[in-house]
Amino acid sequence: MEFTEPALEYAEIWPLIVVFGVACLGILAEAFLPRGRRHVVQVALAAVGLLVALVGTVLVGTNLDTVADGEARGLIGGAGSVVVDGPTVFIWALVLVASLMGVALFAERRLEAGVSAFSGQAAALPGSDAERKAQGLDHTEVYPLLMFAVGGMLLFPASGDLLTMFVALEVLSLPLYLLSGLARRRRLLSQEAALKYFLLGAFSSGFFLYGMALVYGYAGSMDLGAIDAAVRNDSANSVMLRIGLGLLLVGLLFKVGAVPFQAWTPDVYQGAPTAVTAFMSAGTKIAAFGALLRLLYVGFGADRWSWQPVMWVIAILTMLIGAVLAVVQTDVKRMLAYSAVAHTGFLLTGVLGVQASGELAEGQVTSLQAVMFYLATYSFATIGAFAIVSLVRDSSGEATAFDRWAGLGKRSPLVAGAFAFFLLSMAGIPLTAGFVGKWAVFTVAMSAGAWPVVVVAIASSIFAVYFYVRHIRLMFFDVPEADAEVASVTAPSLLTSGTIAVGVLGTLVLGLVPGPLLQLAADAGQFIR
Amino acid sequence: MFLYTEGGHSIPVVDPISAADAGGVFPLLWLVIALPLLGAVVLLLGGRRTDAWGHLLGTATAVGSFVLSTLLLIAMMGREEGDRSVTQHLWDWVSVGGYEIGMDLLVDPLSILFLMLITGVGSLIHVYSIGYMEHDPRRRRFFAYLNLFVAAMLMLVLAENYLGVFLGWEGVGLASYLLIGFWQHKPSAAAAAKKAFVINRVGDIGMSLAIAMFFVTFGSASFTVISANASGAGEGTMTAIGLLLLLGAAGKSAQVPLQAWLLDAMEGPTPVSALIHAATMVTAGVYLVVRSNFVFEAAPAAQTAVVVVATVTLLWGAVIGCAKDDIKKALAGSTMSQIGYMMLAAGLGVYGYAYAIFHLITHGFFKANMFLGAGSVMHGMNDDVDMRHYGALRKLMPVTFLTFAMGYLAIIGFPLFSGFWSKDKIIETALVESPVFGICALIGAGVTGFYMTRVMLMTFFGEKRWQDGVHPHESPSVMTFPLIVLAALSVLGGVLYLGGWIKDWLVPVVGKAPEHELPFPAIVFSLITVAVVAVGVAIAWLSVGRRPIPSTAPTDVSFVTRAARNDLYGDAIHDTLVVEPGKALTRGLVSADRSLVDGLFTGGASLVQGLGQGLRRAQNGFVRSYALSILAGVVIVLAALLVVNL
Amino acid sequence: MSITFWLLSAIIVPAALGILFVRKAVHAALLLAAVMISLAIIYLTLEAPFLFAVQIIVYTGAIMMLFLFVVMLVGVDASDSVVETIRGQRWLAWTAGVVLGALLLVGVAQISLGTMVGLDAANSGGNIEGLADLLFSRYVLLFEVTAALLITAAVGAMVLAHRERLEPKPTQASMAAQRVRDFSETGRPLVPLPSPGVYARHNAVDTPALLPDGTPAEESVARVLAARGTVRSAPALADDITEVQRTLGDVDGGPAGGATGGTDQASGSGHNTENPEAGA
Amino acid sequence: MNDVNAYIGLSAVLFTIGAIGVLTRRNAIVVFMCVELMLNACNLALVAFAHQHGNLDGQVAAFFVMVVAAAEVVVGLAIIMTIFRTRRSASVDDASLLKY
């Protein structure tokens with residue numbers, strides 16, 4: 001048997017290589033450096049690695065070749081495993097920016113008096129002597145783990161075949177399972193979050209895998225392009241195809257937290273260390289939506305009519321249940337988690353607004369473009385909001401209960417103001433990024449004829465406004481009870497405050513002049529089949 | 001300039017020229033918004049450092065905007081009729097592919113009138129607030145919010161596209177929320193603020209859907225583009241858009257069925273009620289309908305809906321005005337009713353647009369005047385709002401009394417006062433165009449006469465019924481000065497109609513109405529209206545002015561007993577024929593307002609709460625239950641995929 | 001369709017079902033191992049010899065051993081309660097599961113992919129060579145990426161399970177030095193305390209040892225016993241002998257009674273191994 | 001009958017049993033074993049389909065699944081052990097502090 005050496009497109013998959021390489025370097029650093037130096041080195045490695053990858057992404061993005069009559073740009077690399085096209089590059093950039101903000105939050109050490117928010121010794125039992133002795137330590141392994149997760153997030157939306165998608169899904173998930181369980185405070189909750197996330201994640205990836213097997217059985221290949229060809233040509237065995245598609249969808253919808261696969265979201269978001277929550281709420285969502293878009297548009301675009309109705313129902317349920325359950329929450333992190341569920345619904349509204357290029361008016365916003373833009377707006381707001389949650393503390397660490405937040409606006413107007421701004425953006429008030437994002441996804445869904453979904457979307461955005469505004473009122477107008485303990489803002493280092501500033505700036509700029517980013521998303525073009 | 005003519009009238013096309021070309025003062029258009037916005041930003045970010053001079057800065061920016069608006073008005077008057085629409089492109093807001101949404105401003109004969117009203121009345125209210133809020137420790141914040149409101153309201157009327165309008169729309173909603181809830185220590189104020197916000201969001205559904213439909217239909221939200229292509233869209237589409245816009249307008253302008261928030265909004269400081277809930281924000285709905293004339297002209301069914309909603313509201317509000325003992329709530333009911341008149345006129349199409357705006361402006365003058373007057377009374381009465389505790393104040397508060405009286409005469413339509421001209425034209429047009437609604441409007445005018453006279457009599461005449469320890473006194477001159485100015489405007493507002501000026505002025509925006517044949521001379525309509533109003537006033541005089549007013553609301557039985565016992569024969573008739581049914585109707589409407597409409601919203605909120613409480617039980621913390629929900633989801637997704645594709 | 005398949009199915013399905021019902025985790029693990037080995041044989045019939053080996057070596061050999069290892073750590077005796085605590089969970093789970101199974105089987109029943117192509121052509125150059133060819137060309141990037149998975153797993157296990165020593169490990173020298181320091185500072189004895197008395201009949205921890213001069217060494221008895229006041233003395237014990245002999249019915253008395261006395265105290269002998277220092 | 005249906009049928013049954021096991025078993029380790037059972041079912045389907053289509057992609061996929069499963073087992077058991085050491089219980093129902 002003749003073996004032909006595969007030719008890898010190193011220039012195009014460069015960001016991937018950098019991220020994985022830096023992660024491995026981080027492991028080596030962890031092994032050989034003395035404890036005192038590890039933190040600085042690891043943070044520097046991760047930040048520099050992500051920056052280099054980001055620069056690489058930009059360079060790759062500017063140099064992509066045009067293919068398919070100018071509708072798309074890019075190439076299929078890695079012998080078919082990786083598709084580096086416009087949308088991939090756009091999503092890579094988003095993931096890398098979100099990860100940079102995540103690294104900054106990970107590295108914050110001023111809030112816990114000189115140590116990070118991660119457990120000093122995860123193996124030590126909570127409340128034991130060993131744990132107390134490890135008070136002053138940090139787990140610096142979190143940075144390589146974060147980098148591996150980022151690598152998975154980069155690979156996930158770029159997958160050229162289902163197997164890559166599955167492996168990438170696991171690469172991004174495993175580190176997150178671990179990171180969720182490493183909180184320094186409230187460790188029982190943190191470990192419980194890790195267990196729940198892990199068991200449910202493994203369960204749902206089992207479904208994804210079975211779907212992959214069935215689709216492979218249908219198409220005889222796991223390439224998305226080959227699946228697309230099979231879907232177009234073959235009409236037999238459609239039952240198996242649909243079951244396979246459904247199971248694949250389950251795996252992805254679980255990752256994005258769509259109803260009825262959302263149950264893990266609030267528990268994990270609440271239990272995980274807040275920096276991890278911030279990172280994964282943005283990063284996972286971006287990557288998983290990228291993969292969902294690719295799977296649905298590339299692999300099953302020709303079979304659009306079969307999955308659109310299901311997505312209608314899921315989008316409607318997700319928006320309604322996310323918003324309704326957020327109304328009754330009394331914990332900030334849980335409220336943000338349910339609002340993340342509602343945002344998934346809005347994003348799905350954009351996803352189901354897909355139309356064939358022939359049906360689109362000239363220059364109309366495509367659903368791909370709308371969803372990618374929404375992801376950008378959502379990421380800035382959610383990372384910023386969780387970063388602020390990590391600042392608001394009382395004697396026992398982060399104070400996430402609502403009553404602790406009463407009157408925060410009077411004690412720290414700037415922080416409360418920034419939080420209110422993020423909430424307003426999530427609520428979709430004009431002049432914030434969230435408004436333009438909502439406008440974009442609603443418009444594409446509307447033009448695809450999904451007006452019932454849009455009506456529900458607007459209705460649930462009213463519930464959403466209700467709880468966002470209620471929280472703003474809580475911060476600015478409510479007076480805490482006389483003898484109740486209230487939270488105050490701990491001054492962070494430049495890392496967290498910088499992250500918040502970037503979030504505010506991004507939200508503001510994308511609200512005032514969203515044009516350039518929308519144009520960028522438009523220039524990204526279509527997926528390569 | 002005009003798109004097409006059909007049935008004798010035309011739909012104008014917005015055809016602006018750019019501010020740079022227009023030259024003169026027009027390139028400074030953006031400053032009109034920027035000034036108060038700057039004020040708000042400085043005051044909010046400046047914090048306590050600005051406490052000492054914050055109110056002065058706030059007032060100065062509002063006055064600055066007013067001066068600029070006046071210059072714009074003068075400049076515009078000096079231009080040709082066709083060149084009076086001027087746009088200014090600030091930056092590309094959303095610019096991608098085929099969508100070009102600029103952050104564009106448009107000043108034309110319609111928006112300049114609003115500019116004058118908002119900045120003019122706004123400046124006066126800023127001045128008044130300096131005195132009114134003097135003892136409030138958070139006065140600086142109040143001025144910041146007021147400035148924010150003015151900026152947002154100006155954005156609303158100056159925007160060149162619906163997205164910009166929506167930006168202002170949400171902005172005034174936010175500012176109004178902040179201001180209603182300004183006295184946050186009162187739970188009622190916080191609840192009222194929340195209610196206003198939530199109900200307004202219902203209206204916003206209409207607004208957002210309408211904007212989405214504009215994009216889908218026209219690929220743009222710009223007035224210029226839509227007005228030029230309005231005739232191309234189907235009537236069904238236009239009707240849908242028209243109804244959605246009406247829903248938005250009803251939310252903002254407190255029209256039935258979204259009116260419930262306005263009465264509660266009176267929890268805010270009185271200058272807020274005067275500025276937001278009388279003169280400016282609540283009229284945004286009228287602005288929206290008039291501005292969208294090209295939509296409504298293409299959608300007759302939507303126009304009819306506007307007329308129906310308006311008529312119901314004008315009666316509803318008037319009857320509520322009769323029932324309230326709280327002076328601000330009585331005035332709020334009256335506001336609702338007067339906006340009903342404006343909407344009615346706007347719904348009458350090209351015949352009515354100009355009158356809608358005309359009444360909007362005169363109403364802005366006299367209602368702001370009366371609200372500030374009410375604030376002045378409250379100021380003197382230790383913030384008591386119950387009219388049953390007033391009485392005989394005319395001697396002690398002469399300036400307030402006189403200015404309030406001017407407003408009173410204007411609102412009931414006393415001949416030659418501003419309200420006479422504006423309301424008279426609306427009733428006349430309605431009677432000619434659709435007699436049924438015209439007669440309703442006429443009845444409304446009579447009821448207006450009744451309840452305003454009642455307010456007047458209970459407050460300034462009769463016995464003094466003050467509570468212990470209350471020493472009424474006239475307000476300081478910083479508060480009475482705006483009253484005097486507004487009173488003068490209430491009296492003289494009618495000059496806008498001198499020679500049909502306002503009608504001609506608005507022609508470039510709303511089109512020119514063909515002359516309609518009046519069955520009688522106009523003076524006959526005026527006489528009828530005045531006569532009906534006189535009846536209302538007389539009834540009020542008989543039922544309120546001639547009898548002592550108990551300082552607590554009389555219960556049903558005692559009222560009837562007393563009426564039977566010591567009243568004149570005529571009074572008894574009037575009681576049985578007018579007052580009792582009237583009271584029953586009033587009670588019915590008020591309770592409907594309380595239970596039905598309120599219930600719908602609070603009920604909706606508690607439904608969501610209950611639903612949430614039920615659903616969250618499913619989140620029971622057991623990972624196996626979550627797995628079960630996933631498996632159930634799998635089964636449902638698979639079944640749905642298979643069923644859909646059978 | 002060979003008879004092998006049906007035979008193996010007859011093993012696999014009951015074994016898999018057994019996992020749902022057995023109460024002990026270790027039994028579930030063994031059943032799962034049975035399923036996996038049977039599957040390995042099915043792979044063999046499906047012309048996948050490499051996977052057959054990997055399934056047995058990696059899955060059954062490594063992964064299942066890991067499972068068993070953890071089961072041992074958790075406690076091999078622990079058995080699940082069969083009472084369902086979440087209301088409705090069991091029958092809902094079964095309903096949803098059966099519906100899922102039905103849907104899948106309906107889907108399977110409708111498959112018509114034609115006759116099996118078989119892997120004769122693909123395996124012509126050898127199954128392992130064929131797989132290697134694919135693995136290092138088409139899937140080479142993925143192969144590299146799995147490194148990330150394995151590193152993550154290793155690091156994760158280290159982070160969660162490995163407890164780092166935070167103070168230096170004590171050496172013999174340092175322990176000796178510490179002992180001398182303790183002696184000089186607190187008078188704690190340098191040498192181990194004497195063990196309690198060891199007698200033919202009374203080798204109990206409650207009996208002090210006798211020093212060479214015949215006096216009892218009180219510190220040889222655990223302090224706890226001393227506090228309880230149950231310390232006995234060797235001479236006093238001598239008086240017990242007649243008592244013991246009487247209970248044994250040995251009227252004459254004699255040295256033979258010593259053996260029985262020894263068994264009498266057998267239960268106490270276990271305590272003798274206790275380091276008296278622990279009590280001190 | 002020399003076609004793929006029987007194999008896929010067997011894998012479907014195994015998959016379903018695994019899914020039910022995740023829902024009904026309370027011991028975290030057994031729950032995880034049931035997940036492994038689901039993965040094995042997937043592998044069976046992949047290998048059977050590879051045989052059906054006459055290409056080795058399915059076998060490669062099954063190989064990758066084993067690698068993934070190995071990594072997942074390590075992480076999963078580590079997490080389960082952590083929970084067990086703090087709570088002295090391997091029951092998934094005991095980890096239910098986060099709710100509502």
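What follows is a short exchange on how terms apply to this predicted model.

Trainee: Why is B:Arg291 called buried?

Mentor: Its relative accessible area is 1%. Buried means under 20%. So B:Arg291 qualifies as buried.

Trainee: What makes B:Arg291 and B:Asp108 a salt bridge?

Mentor: The closest N and O atoms are 2.8 Å apart. The cut-off is within 4 Å, so the pair counts as a salt bridge.

Trainee: Which parts of chain B does that pair tie together?

Mentor: B:Arg291 lies in helix α12 (residues 284–291), and B:Asp108 in the loop between β5 (99–107) and α4 (109–132). The pair therefore ties together parts that are 183 residues apart in sequence.

Trainee: Is B:Asp108 buried or exposed?

Mentor: B:Asp108 is at 1% relative accessibility, so it counts as buried.

Trainee: What makes A:Asp138 and A:Arg109 a salt bridge?

Mentor: Their closest N and O atoms are 2.8 Å apart. That is within 4 Å, so the definition is met. A:Asp138 sits in the loop between α4 (129–133) and α5 (142–158) of chain A, and A:Arg109 in the loop between α3 (86–107) and α4, so parts 29 residues apart in sequence are tied together.

Trainee: Why is A:Arg109 called partly exposed?

Mentor: A:Arg109 has 26% relative accessibility. Partly exposed lies between under 20% and over 50%, so the term fits. A:Asp138, at 10%, is buried.

Trainee: How do you know that A:Arg38 and A:Glu30 form a salt bridge?

Mentor: Their side chains meet at 3.1 Å, N to O. The limit is 4 Å, so they pass. Both residues are buried.

Trainee: How many salt bridges does the structure hold?

Mentor: There are 24 over all chains. Salt bridges that share partners also join A:Glu192, A:Lys196, A:Asp267, A:Arg334 and D:Arg87 into one network.

Trainee: What makes B:Asp504 eligible for a surface patch?

Mentor: Patch residues need over 30% relative accessible area and no salt bridge. B:Asp504 is at 41%, so it clears the area cut-off. B:Asp504 lies in helix α21 (residues 501–510) of chain B. With B:Glu80, B:Glu81 and B:Asp83, it forms a negative patch.

Trainee: Why are β2 and β3 of chain A called paired?

Mentor: Pairing takes at least two bridges. Strand β2 (residues 72–77) has 4 to β3, so the two strands pair, running antiparallel. In one of these strands, β3, A:Val83 is the bridge partner of A:Ile76.

Trainee: Which strands of that sheet are called edge strands?

Mentor: The order is β1-β2-β3 in an open sheet. β1 (66–67) and β3 (82–85) each pair on one side only, and they are the edge strands.

Technical notes: Residues numbered from 1 in each chain as written. Chains lettered and ligands numbered in written order. Predicted model: local features only at pLDDT ≥ 70, side-chain atom pairs only at ≥ 80, totals over all residues. Heavy atoms only, no water. Patch = residues over 30% accessible without salt bridge, like charges linked within 9 Å, V, L, I, M, F, W, Y side chains within 5 Å. Areas by Shrake-Rupley, 256 points an atom, 1.4 Å probe, with all protein chains shown as cover. Lys, Arg positive; Asp, Glu negative; His and termini not counted. Charge placed at Lys NZ, Arg CZ, Asp CG, Glu CD. Buried < 20%, exposed > 50% of the residue type's maximum accessible area, 1.4 Å probe, protein only.
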